[in-house]
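Trainee: Got a minute to go through this one with me? I'd like to talk about rings, strands and a pocket.

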Amino acid sequence: MDRFTFRERGPGFNLAFVGYINPRKNPVLLLQCLHRLVQKDKRYRLFVAGVHQDPCFEVYWNHMIQTLGLQDHVVMEGWVNDIDAWLEDKNFLISTSVHEGCPYNVLEAAACGIKPVVHHFHGAEKLFPETWLFRNVEEFVNIVQSPDYDSRAYRNWIIDHFDQTDQIDAIDRLIASIKPVSVSLSGRSSDSAALHERDGWIDPSTWQAYLKGEKFDNGLQLVIAHPDAPLVYRQELLKDLVKGQAILDVGCADHAPLIEQKLQQGRWLHAELARVARRCVGLDVDEEAIAVAQRLGYPIYRHNVLTDPVPDEVKAEHWDYMVLGEVLEHIDNPVAFLQQIHEKYRGLVDRLILTVPNALKWLNQQAARQHLEIINSDHRFWFTPYTLSKVVCEAGFEVERFCFAQGPGSLDGRTIDLLQRYPALRDHIVLIAAF
């Protein structure tokens with residue numbers, strides 16, 4: 001998704017066709033659709049990024065452009081390498097194919113906020129919303145000339161259904177599900193903990209005696225990661241965890257001047273969680289940021305978990321998760337803070353999801369070699385898996401599992417390989433605990 005620039009758009013007159021021109025792409029229907037559209041408004045133009053593959057259809061294509069009087073309405077631009085830049089001034093992406101598998105031209109345009117108009121080929125309804133599909137020329141014209149246009153909805157559909165991270169994770173899960181399960185000497189197959197390990201999750205149940213202070217070791221060595229765990233990104237992991245759940249998002253408002261910008265870029269975590277959760281309510285203390293969020297339609301209440309009673313709106317429901325995303329490192333006394341949450345919300349919330357910056361992350365190790373520390377100046381603490389688990393346990397929670405996740409930003413191939421081989425070098429710790 002990062003390769004395609006999102007921009008809010010609206011109805012217009014620039015139509016895009018991306019791909020080879022051959023019988024499977026149905027150029028006959030494409031020209032008929034354009035002709036009917038031009039009959040209604042001569043401002044429409046079809047821009048074609050692609051080349052002919054079939055000499056017979058190239059002759060037909062050029063002949064019909066002349067016959068239908070479309071010489072001023074079809075712009076052939078040949079093979080285009082930078083589709084993202086080429087799509088900048090386009091309003092619609094047209095696909096008239098009689099057969100497709102997973103048409104990237106549609107996905108890429110929608111990711112940019114461009115409205116797709118797709119011929120109803122066999123199986124199209126399983127890939128795309130019905131509102132994108134047309135069965136005949138009249139339906140095509142109606143979709144293009146309709147005032148209904150929602151760039152954010154088009155991009156969100158692609159994020160929800162085709163984001164590469166989700167697809168790779170799904171493939172990983174499929175392979176893991178059919179991989180032979182190891183068998184112990186007792187003849188019993190390994191339990192779900194092994195599946196968690198393959199996904200990068202670690203079960204710290206063997207640490208309990210140390211976490212509760214029942215045992216002590218001045219040089220305790222703990223396994224905190226397994227090599228070659230799938231590279232997961234913090235925002236996508238959290239979305240996957242809360243999908244279809246009822247959640248409370250604590251400390252969610254972000255800095256007021258940044259909310260709208262992050263929202264447009266798909267980087268405001270609260271909005272992304274709200275989009276996939278069954279119910280999402282935010283709690284924060286920043287009145288200015290809350291006002292911005294409420295103006296944008298997000299239910300966020302002013303609530304200080306240390307001093308305020310639980311809001312009635314929260315008491316009225318039962319919640320699957322409370323999310324504390326990058327909050328704990330800003331708190332003066334994290335144990336007392338979590339104790340208050342545990343006392344006030346136990347019985348209302350099932351589980352806590354915590355994310356914090358990882359003290360062991362690769363950037364910190366690189367900085368240390370240059371005698372530097374790189375840190376948000378409002379942070380009070382760095383956490384490791386054990387110290388975070390210790391704090392959470394001291395506050396009354398039961399730690400269930402944790403993993404390492406990467407933050408936003410592009411990575412080169414060598415860094416990706418490094419973070420897959422050594423998950424403990426990733427940017428964030430994600431921990432789940434029961435109330």
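Trainee: Are Trp268 and Tyr298 buried or exposed?

Mentor: Keep in mind that this is a predicted model. The cut-off to apply is under 20% relative accessible area for buried. Trp268 and Tyr298 both fall in that class, so the word is buried.

Trainee: How many aromatic pairs does a search of the whole structure find?

Mentor: Ring centres within 6.5 Å make a pair. Searching the whole structure on that basis gives 16.

Trainee: What kind of pair do Phe57 and Tyr60 form?

Mentor: These two sit in helix H2, three residues apart, which is about one turn of the helix. Their ring centres are 6.3 Å apart. The planes meet at 65°, and over 60 degrees is the cut-off, so the pair is edge-to-face.

Trainee: And how does Tyr60 count in terms of accessibility?

Mentor: Tyr60 has a relative accessibility of 28%. Buried needs under 20% and exposed needs over 50%. The value falls in between, so Tyr60 is partly exposed.

Trainee: Back to Trp268 and Tyr298: how many residues apart are they?

Mentor: Their pair is edge-to-face, 5.1 Å centre to centre with 75° between the planes. Trp268 is in the loop between H12 and H13, and Tyr298 is in the loop between H14 and E9. The pair links distant parts of the chain, with a separation of 30 residues.

Trainee: Which ring does the charged end of Arg401 sit over?

Mentor: Look for an aromatic ring whose centre is 4.3 Å from that charged end. The ring belongs to Trp201.

Trainee: Which residue stands opposite Val250 in E8?

Mentor: Strand E8 is mostly covered, with five of its six residues buried. E7 and E8 pair in the parallel sense over five bridges. Opposite Val250 you'll find Leu283.

Trainee: Which residue of E9 stands opposite Gly282?

Mentor: E8 and E9 run parallel, joined by three bridges. Gly282 faces Ile300.

Trainee: Now the second largest pocket: which element gives the most to its lining?

Mentor: That pocket has a volume of about 520 Å³ and 23 lining residues. Helices H7, H8 and H11 and strand E12 each give two or more of the residues. With six residues, the top contributor is H8.

Trainee: How many of the lining residues of that second largest pocket are charged?

Mentor: Nearest its centre lie Asp166, Asp169, Arg173, Glu236 and Asp240. Across the lining of the second largest pocket, ten residues are nonpolar and two polar, while the charged ones number eleven.

Notes:
Residues are numbered from 1 along each chain as its sequence is written. This is a predicted model: local features need pLDDT of at least 70, side-chain atom pairs count only at pLDDT 80 or more; totals for chains, interfaces and linings use all residues. Side-chain values use heavy atoms; hydrogens and water are left out. On a 1 Å grid over the protein atoms alone, a cavity is a set of points where a 1.4 Å probe fits but cannot get out, and a pocket is an open set with protein on both sides within 12 Å along at least five of seven lines; lining residues have an atom within 4 Å of a point. Grid points are joined across faces, edges and corners, and a volume is the space filled by probe spheres set on the points. Helices (H or I, at least four residues) and strands (E, at least two) are DSSP runs, numbered from the N terminus. Ala, Val, Leu, Ile, Met, Phe, Trp, Tyr, Cys and Pro count as nonpolar, Asp, Glu, Lys and Arg as charged, and the others, Gly among them, as polar. Rings of Phe, Tyr and Trp (its six-membered ring) pair if their centres lie within 6.5 Å; planes under 30 degrees apart count as stacked, over 60 as edge-to-face and the rest as tilted. Buried means under 20% relative accessible area, exposed over 50%, partly exposed in between (1.4 Å probe, protein chains only). A charge sits over a ring if NZ of Lys or CZ of Arg is within 6 Å of the ring centre and within 35 degrees of the ring normal. Two strands pair if DSSP finds at least two bridges between them.
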